[in-house]
Each structure stands twice: as C-alpha cells, then as structure tokens.
Amino acid sequence: MKILVTVKRVEDYESKIKVKPDNSWIVTEGVNYRANPFDEIAVEEALRVRDTNAPSEVVAVSIGSGAAQAEIRSALAMGADRGILVKHDGFLDSDAVARLLQKVVAKEKPDLVLMGKQAVDVDDNVTGQLLAEYLGCGQATFASKKESLESPEEKAKKPGLQLGADKKTLQVAREVDGGLEVLEVQLPAVITVDLRLNVPRYASLPNIMKAKKKPIEELTPAALGVDVAPKVKVVRVEAPPARTAGIKVPDVATLVKKLHEDAKVV
Amino acid sequence: MATILLIAEQAHGHLKKATLSALTAAQQVAQKGGGQIQAVVIGAGAAQSAQELAAYVPTVHAVEGSGFEHALAETHSAAAVEAAKKIGATDVVLAATAYGKDIAPRIAAKLGAGVASDILAVVSANQFKRAMWAGNAIATVEVTTPVKVVSVRATEFPAAQKSGSPGAVQQLGVTAPAPKTRFIEFNEVKSARPELTEASVVVSGGRGTKGDFKPIEELADVLNAAVGASRAVVDAGWQPNDLQVGQTGKVVAPKLYIAAGISGAIQHLAGMKGSKTIVAINKDAEAPIFQVADYGLVADLFKALPELTEEVKKLK
C-alpha cells in the first residue's frame, strides 16, 4: 500500500517566540526550525504500517519554502521512501494547504493519508478534516491507541492503526472528550494523529546518509492548478497579555493564606 | 443581516456545557454584525436536548434518526450543512471540543467557507482572536468568505443565560449520507480525578519529583484537581504521556495551577501560562517558573506539598 504523510516545517517549540514590532507576524530570525512534532508521530506510524504490510511505500510531503527540504530529509532519514515539496514562499492558510494536498493525493493516489492533528505554529487543527471533505473520504482525527507508550506493543514498534484483513479498512482508536472511541474507516482515508499514538524513532547515522540519496520531487501551486488566496487572513499578531510579576512567599502557611484570602482559589 | 447557526453538542439527550459558551460567542457575532441565532442539535436524543436548548435560543432544529446515532464527522457535518442551507446561515458557530474540531472543517469545506478555529474572542463580525504557537502569540484573523465557520474555545466565554421566552423546537428531516466510517466502540475513561483540560485546579510535577508523584496526587485529591506533568517526567517514563502539560501536550487554563519541582521550560510554560493563578514550588530560587508564578515558594516539594495538603484539609 501507499501512504502519504505530511511534514510541516515549524518553529522549534524550544525557541522563544517573539512578536514583530509591527505586529505583522512573529520574529523568524534566530529561530530554530524542525518538523512539526505531531507530523513526526504520523511519519513513525506510516513506517510501522508500511513495515507490517510489505510491499508498501511511504511518501513524505511538505508545503512551504525551499527550506522545508530539511524536514522532508528528516522524514526520509527516519525511513520514508521519497519526498514531495510543494514550493511556496509566504503565508498559506489551512484551506489552501488542504486543497494543495488534495491535488497531491489525486496525483499519487495513496491508500492512506497520515497527518499530525495540528501544526504547532498556527495551531489550527483543521487541515486533515478539510482534506478528507475535499477528497470525499472518511476521517479519523486524534488517532491514539489503547496500549500505553510503555507497553510491550509500543516497545516492539507495532502500529496502533489496525489494518483490516482485506486491507480495505483501518481501525483507529481516537482520543475524544471522556475516553477512546474506536472507528473503522474505509480506505482511502485521512487520519490525523495525536500524541499518544507512538514514540517517533530517531534517525540513525547510516539512515541520515541514505536519506541524502532519496529523491524529492518539487511541485508548485501553479503546476497543481490551485489558487492559494487565503479564506482566512492573519491581520495582526500580538504578544499574549504579560503576567504581572508575582511574589515569593516565605512558607506554606502564608501561601495558603494568600490562596484562600487574596486569590480565593482554595 | 446575519443569520447564525449554532451547532449544539449533546449526548443521550443532554446538552454539553460547552454549547452554552459557544452560544455566548454566537451572541457576540450577532451583536457585532446585526443578526439572529438559530440552533441545530444532531444525534440520538437530539429532540430532548433541543428542548433544553430552546430555553436559550428562539428556534432549535433537531436532527435525529437513522445514520445520526453516532457522532461521525461525515454524517453530522452533512446534517449541519442541511440546517445551515435551510436557514440561509451566514455564520456557523460551535464549541471547539473534540466533536467540534472533528466536524467544523468539513462543514466549512462543504459551504465554501473559511474556518476560524478555537477562537478566544470576537473582534468584529468577521475578525476573531485566536492563540498561535501554543499561546505565545495571539493572532487576529479575518475570515474573507461570505459564509464563516467559527469554533470557540469554551473556557474563554461564559455560559449564556436563559432567554425570557422559551423557543420552538422543529424536527429537521435529513437523509444521512452513507458514511465511509463505522462506529465500533467507545471506551470511557473512568477516573476519580477530573480531566486535565477541564479541571479548575491542576497540580503538576516535574523532574524535582524524581518520579515520586505521591505528594502531587495527595494534594490533587484534597483540591479535587487533575494531575499534570512536565515533559521531562513523561520522557523519563515516570508518568504517562497524556498527563503532559505543554505545547506538544495538553494546553490547560485552570483557575489554579500548582507547579511542583518544575523548572519552567518554554515548552511547559506554553501549556499553562493562561492559568488564572499560578503557584510555583521549587528548590531552585532561579528557576524560570517563578517568572510566571503569582506565588512562588522556594522549598523542597517533598516537605512543602504534604504541609500544603494538610493546610488545605484544615480549610475544608
């Protein structure tokens, strides 16, 4: 089977995010970039599904500037087979990304699309669902699994997504409010993954070397025939309200008194 | 003139609380753009939940029956779109719960609408504030399409009040499309403690616990709090991943957040600095967590937490 997996280039969550003085965006100079952590979980799952269902192929796709080659290479170093970069400089809203992915799916015809549930830059959590609707296929958001991340299944790197015997369906445990819901989706489908699905592997040095030789195809929105004018524009970016400087308390008794009498929270 | 469709969330005939917060946001959209609100309730028990909602909204449509028993994104988004078309909705508003997040984008795609997700505030009829970079920046976004879909972070809006005169409930007949998804089962998580993202008090432990969460749990129990953990704790395998508070974990905004033995990495701060009152307990007086804490106590958590637990017990 063929699995398409997304890898978005995002600001490293360990980097300090500062808003530009003109409130147009965040300061990008001096910020480290990496693959969206939720996408890394999607890549890991794609590799596990592939390796338990040979022959299969994992194609890593990114949409962004030429620099996003680095994130595709990191997916290839984890073990993905080849890459696609839809090259575009500047802001794309999630709807444009979904419509670009729709065209990539039409071209590649994967059996399964795996994506992070959200990218940790704009935190939209909509692209996978939009894509599923544009493709007219089923979806399972917030994919997780019943087994814990300390379980023998996880240690053995078993996939959390369960492919049906006929390989035409997939069972997915979803992390929803109040518990885990299990759905069966017909393939092709779009699955967005949550934190507890797996622990992504680190790329080994030999695999990093091998990844350098794997092919990355470059496409453009124009070549895919997609108008990327945004439906949702970012008109202003501000720093969150600063927290007022707090106080140090000398002991537990004072702390409880403050919490009870001033903050009125206990 | 705007016509706003509120999509309610319910289970087994009972309205979910988040719906009333989404209604408040819908009322703000109505106020800013000039317009009126109708609602739709979908799923098994919808007629009963619609009665409950009619105390707040003048017209409530109920979609029930075959194909809508389970909250599948394909069928529920289709029903929502039928309702939106029937009333000529210019805005679709719903809570950004797991259900809302699942269906809002599909509704938007069907309506050719832009979707503003997980909004914190209504700025104008088509501009909304939302958190990006895990709350490290607040963006104002503008939806440029004629029809808009807005999902609402429920904790940012108070619950709406009942209106003076009860509204009307109308059955809306919708034929469910054949979904490509099948419900198998729901495994409810039963925990004596409240859910991390919904708790009004959260007690979190970090590396300073050295893996011993007993004092954290004992304090959590007297405060009816959820237990959280820093990434270091989860990475060390001391606590399960779903307790992780932070940018890649859960983003929480409780009334009271107590961080014990947590240094305060950016990653962690991003997940909790929206909390109303923050208490930090750490041996290291220089720990960055103190810069965001309302009340800081430089102390060993193994001494301070049991004391704190006893003091809180005395208050109750």
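## Exercises on a two-chain model

Helix 8 of chain A passes helix 8 of chain B in a right-handed crossing (the near helix is turned clockwise from the far one by less than a right angle). The model is predicted: local features need pLDDT of at least 70, side-chain atom pairs count only at pLDDT 80 or more, and totals for chains, interfaces and linings use all residues. Residues are numbered from 1 along each chain as its sequence is written, while chains are lettered from A and ligands numbered from 1 in the order in which they are written.

**Exercise 1.** Classify the orientation of helix 8 of chain A to helix 8 of chain B, and list the residues that meet.

Step 1. Helices (H or I, at least four residues) and strands (E, at least two) are DSSP runs, numbered from the N terminus. The two helices span residues 252-262 of chain A and 301-315 of chain B.

Step 2. They pack at about 45°, with axes 10 Å apart. Axes are lines fitted to C-alpha atoms, for helices over the stretch in contact, and angles run from 0 to 180 degrees between N-to-C directions.

Step 3. Angles under 35 degrees count as roughly parallel, over 145 as roughly antiparallel, 65 to 115 as roughly perpendicular and the rest as oblique. The two helices are therefore oblique to each other.

Step 4. From chain A come Val252(A), Ala253(A), Leu255(A), Val256(A) and His260(A); they meet Ala304(B), Glu307(B), Leu308(B), Glu311(B), Val312(B) and Leu315(B). Contact requires C-beta atoms, placed from the backbone, within 7 Å.

Step 5. By class, these residues are eight nonpolar, one polar and two charged (Ala, Val, Leu, Ile, Met, Phe, Trp, Tyr, Cys and Pro are nonpolar; Asp, Glu, Lys and Arg charged; the others, Gly among them, polar).

**Exercise 2.** Describe the strand pairing between strand 10 of chain A and strand 12 of chain B, then the open sheet of six strands.

Step 1. Strand 10 (179-186) of chain A and strand 12 (181-188) of chain B are antiparallel, with seven bridges; pairing needs at least two DSSP bridges. Val185(A) has Thr181(B) as its bridge partner.

Step 2. The open sheet has the order 14(A)-17(B)-16(B)-15(B)-13(B)-14(B), with parallel pairing. Its edges are strand 14 (247-248) of chain A and strand 14 (226-229) of chain B, each pairing on one side only.

Step 3. Within this sheet, four bridges join strands 16 (277-282) and 17 (295-298) of chain B, and Ile281(B) is opposite Leu297(B).

**Exercise 3.** State how many residues each chain gives to the contact.

Solution. Chain B gives 71 residues and chain A 68. The chain B side holds 35 nonpolar, 19 polar and 17 charged residues.

Technical notes: Two residues are in contact if their C-beta atoms, placed from the backbone, lie within 7 Å.
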